[in-house]
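Visitor: I should like to be guided through this model, beginning with its sheets and ending with its internal space.

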Amino acid sequence: MVAAAPSPLPAPRTGSTLRCDPPPTAPIRPNPPARLLKEDHQVPQNLDAAAVRIWCARALDALGREREEIDAINVYPIADGDTGTNLYLTVESAAQAVEAVFAAHETGSTRPATADAVRAMAHGALIGARGNSGTILAQLLRGMAERIGAGDHLAGALRRAAALAREAVAHPVEGTILTVASAAADAAGRAGDPGSGAAAARAAYDGARIALDATPGQLAVLGRAGVVDAGGRGLLAVLGALVEAVSGEAPARVPAPAVRVPGAVGRECAGAEGPAFEVIYLLEATDEAVAVLRSRLDALGESLVVVGGDGLWNVHVHADDAGAAVEAGVEAGRPHRIRVTHFAGAHPAEPLPAPVQRAVVVVVPGEGLAEVCAEAGATTVLARPGEPPASGELVDAIRRAHAREVVLLPNSAELRHTAAAAAEQARTEGMRVALIPTRAAVQGIAALAVHEPERRFDEDVVAMTAAAGATRYAELVVAERQSWTSAGVCQAGDVLGLMDGDVAVIGTDLAATATAVLDRMLAAGGELVTLVLGDTLPDAAGFPARLEHHVRDRYLAVDTLVYRGGRGAALLLIGVE
């Protein structure tokens with residue numbers, strides 16, 4: 001039987017070790033995934049994999065420090081005050097991707113190749129790109145990855161990056177991040193030793209700083225506001241981090257702008273009103289389809305940037321008809337991670353309804369689970385394989401929930417810090433947010449099942465935390481290669497049963513392994529078994545039904561709920577409460 005929505009669960013056991021995050025007492029601090037100290041890294045004078053990792057961490061630190069200053073001078077192309085935030089979130093996604101590459105090498109004696117690390121950085125930026133400047137930065141990193149992967153030096157990589165970024169923008173404008181990128185590449189090319197990464201990086205930084213100072217004279221809106229280009233300022237911070245990564249010495253920090261531009265002044269400086277919406281989405285499509293899409297979107301709106309390649313693209317456009325912009329993507333291929341943002345003040349709009357009192361935001365690893373949780377009243381964030389949501393996506397979901405109080409369920413141990421950063425950001429915007437550190441989707445389902453909006457917030461959070469903590473979880477995966485595990489040596493193709501994150505059972509048959517995992521979990525007692533079936537799980541010989549019958553025949557007092565996880569879900573998730 002497939003359940004249509006979570007059913008109320010029995011009262012949770014006491015003694016749960018899962019605790020709810022308390023509200024922070026300190027302001028938000030940037031928390032990059034790898035805070036590497038200089039003494040931990042032998043400065044290579046060129047860009048190797050370790051330097052790429054440090055570059056990400058330093059860039060995230062720099063943008064975290066300067067985010068508010070960059071946001072304050074954002075007047076072009078739309079004075080919406082978010083360029084620094086968008087660049088931070090883009091680099092955050094890039095850093096997470098690089099950390100994933102290093103994590104994959106932790107069990108062996110090898111380190112990632114430089115090309116693998118910089119490609120991961122570019123891919124992470126692509127899937128997490130935010131805003132106009134973030135999308136362009138993703139293409140700059142893609143250009144660098146192309147040349148470094150081909151064995152080119154840093155100066156050649158910067159030159160390719162600047163050219164590729166210009167090609168991605170439908171109507172390039174001087175006095176923007178594109179101008180700063182071109183100047184950086186030209187300066188790196190004039191460095192004394194083109195083979196010295198440190199010399200090229202320093203030259204690029206110096207060239208970018210000079211070009212940035214000149215942007216108010218190139219773009220009238222910047223001159224009227226008395227500020228430099230915000231995207232260019234963010235790129236300078238990223239280049240400064242590159243200098244530190246390859247030389248060990250950080251360049252002198254650019255002072256904060258003397259003029260800080262409030263939103264109203266920024267809109268006045270920007271001149272005529274622009275389109276009402278910003279539309280961004282990832283798109284799986286062919287090169288030919290994207291060429292047609294560019295033409296359609298160029299006729300629909302402004303600030304068109306399409307970056308990526310090899311079948312995966314990030315599309316950014318400002319348009320009045322957001323629906324038409326999304327429909328164009330549907331005709332071109334398969335869009336996902338669609339984000340539509342209304343520019344405040346761009347056009348008169350109906351006032352927003354009053355926020356609801358309480359909402360639940362849940363991260364789910366499957367389209368079927370997303371439907372189940374949405375039917376239960378939750379706001380969902382889809383986590384696709386290899387594409388964990390960044391903190392910005394979680395903040396967007398919290399805002400979308402439009403509630404005074406929000407309970408956040410990350411459903412993954414790997415998302416704990418990302419979710420904490422999102423919760424902190426939402427709290428600074430006046431929302432009351434409780435983070436329950438659920439480590440698996442079945443724990444999130446258990447928490448959602450006991451959620452009662454009518455209860456006091458603290459009581460509701462305690463009940464949901466207890467239900468999640470009382471739920472043991474397991475997962476079935478197929479081994480990709482031979483490896484040592486906590487249960488012994490596995491071979492490629494073996495079925496691994498993971499309990500609470502550790503390999504507990506190694507088998508060759510899905511049904512037998514699943515049954516062994518269930519028996520181990522139920523040996524400690526249980527009242528309810530939850531099965532979440534992935535869309536790749538074979539249904540031969542009624543596999544799901546066999547598991548249900550096994551539980552019913554051997555454990556008479558235990559109930560079973562079955563959900564279809566849908567596309568993107570794990571092979572099999574098991575929860576026992």
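The questions below treat two sheets, the helices packed on them, and the cavities.

Visitor: In what order do the strands of the antiparallel open sheet lie?
Guide: The model is a predicted one. In this open sheet of four strands the pairing is antiparallel. Strands E2 (301-309) and E4 (334-342) are the edge strands, each pairing on one side only. The order is E2-E3-E1-E4.

Visitor: Which residue in E4 stands opposite Glu284?
Guide: Strand E1, residues 277-284, pairs with E4 in the antiparallel sense over seven bridges. In E4, the residue opposite Glu284 is Arg334.

Visitor: At about what angle to E2 does helix H11 run?
Guide: Helix H11 comprises residues 287-300 and lies across E1, E2 and strand E3 (312-319). Helix H12 (residues 322-332) also packs on the sheet, where it touches E1, E3 and E4, and its direction makes about 10 degrees with that of E1. For H11 and E2, the angle is about 165 degrees.

Visitor: Which are the edge strands of the sheet with parallel pairing?
Guide: This open sheet has four strands in the order E6-E5-E7-E8, with parallel pairing. Neighbouring strands are turned against each other by 20 degrees on average, direction ignored. Those that pair on one side only are strand E6 (379-382) and strand E8 (432-435).

Visitor: What is the bridge partner of Val407 in E8?
Guide: Strand E7, residues 403-409, runs parallel to E8, and four bridges join them. Within E8, the partner of Val407 is Ala434.

Visitor: Which helix packs on this sheet and touches E5, E7 and E8?
Guide: The helix in question spans residues 457-469, and its direction makes about 15 degrees with that of E7. The strand E5 that it touches covers 356-364. The helix is H17.

Visitor: How much space lies in the largest cavity?
Guide: Rolling a probe the size of a water molecule over the atoms shows where empty space is left. Counting cavities of 30 Å³ or more gives four. The largest of them holds about 110 Å³.

Visitor: Which helix gives the largest share of the lining of the largest cavity?
Guide: The lining has 14 residues, and those closest to the cavity centre are Leu140, Met144, Leu158, Leu235 and Leu239. Helices H4 (131-149), H5 (154-168), H6 (177-189) and H9 (230-247) each give two or more residues to the lining. The largest share, four residues, comes from H4.

Visitor: Into what classes do the lining residues of the largest cavity divide?
Guide: The lining contains no polar and no charged residues. Its 14 residues are nonpolar.

Note on methods:
Residues numbered from 1 in each chain as written. Predicted model: local features only at pLDDT ≥ 70, side-chain atom pairs only at ≥ 80, totals over all residues. Heavy atoms only, no water. Pairing = 2+ DSSP bridges. Contact = heavy atoms within 4.5 Å. Axes fitted to C-alpha atoms, helices over the stretch in contact; angles between N-to-C directions. 1 Å grid on protein atoms, 1.4 Å probe; cavity = no way out; pocket = protein on both sides within 12 Å on 5 of 7 lines; lining within 4 Å. Points joined across faces, edges and corners; volume = space filled by probe spheres on them. Nonpolar A, V, L, I, M, F, W, Y, C, P; charged D, E, K, R; others polar.
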